[in-house]
Amino acid sequence: QVQLVESGGGLVQAGGSLRLSCAASGSISSINTMGWYRQAPGKQRELVATITTGGSTKYADSVKGRFTISRDNAKNTVYLQMNSLKPEDTAVYYCTMAVVVGITTPRYWGQGTQVTVSS
């Protein structure tokens with residue numbers, strides 16, 4: 001089976017930075033699109049950023065210019081560098097990957113990591 005393990009969340013003051021990591025392990029042939037979503041209390045889960053196999057990225061308007069998504073294919077890992085954090089960035093952050101397993105490409109999710117930005 002495939003597991004995604006996230007790390008790097010925590011408490012930071014407004015204007016600070018955090019770097020999230022998410023590593024996949026298990027029966028992996030390759031990984032297509034990787035991404036990060038977040039869910040704040042009382043709100044729906046929303047897209048933060050995605051990155052394709054070729055390195056093309058997409059960001060939510062609310063994080064453009066502040067967050068950077070990257071990937072290390074050799075390590076089956078996706079990163080989210082978050083700078084100039086704001087209190088409204090407070091949420092549980094989830095990584096997701098479209099993992100090629102045999103002839104299928106199921107989407108997997110991490111367990112979530114809490115990011116709290118204090119004002």
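Q: Ala, Val, Leu, Ile, Met, Phe, Trp, Tyr, Cys and Pro count as nonpolar, Asp, Glu, Lys and Arg as charged, and the others, Gly among them, as polar; how many of each class line the largest pocket?
A: The lining has three nonpolar, three polar and four charged residues. The model is predicted: local features need pLDDT of at least 70, side-chain atom pairs count only at pLDDT 80 or more, and totals for chains, interfaces and linings use all residues. Residues are numbered from 1 along each chain as its sequence is written, and side-chain values use heavy atoms, without hydrogens and water.

Q: What makes Leu80 a contact of Trp36 and Tyr93?
A: Contact means heavy atoms within 4.5 Å. Leu80 touches Trp36 and Tyr93, and its other contacts include Val48, Phe67 and Ile69, leaving out residues up to four places away in sequence.

Q: Which members of the largest nonpolar core touch the most other members?
A: They are Trp36, Val78, Leu80, Met82, Tyr93 and Met97, out of 32 residues. A nonpolar core joins buried Ala, Val, Leu, Ile, Met, Phe, Trp, Tyr and Cys residues through side-chain atoms within 4.5 Å, buried being under 20% relative accessible area, exposed over 50% and partly exposed in between (1.4 Å probe, protein chains only). The largest share of this core, five residues, comes from E9.

Q: Why are E2 and E11 said to pair?
A: Strands (E) are DSSP runs of at least two residues, numbered from the N terminus, and two of them pair if DSSP finds at least two bridges between them. E2 (residues 10–13) and E11 have four bridges, in the parallel sense, so they pair. Val117 in E11 is the bridge partner of Val12.

Q: How do you know that E9 and E11 pair?
A: They share three bridges in the antiparallel sense, so the requirement of at least two is met. Tyr93 stands opposite Thr113 in E11.

How values were computed
Nonpolar A, V, L, I, M, F, W, Y, C, P; charged D, E, K, R; others polar.
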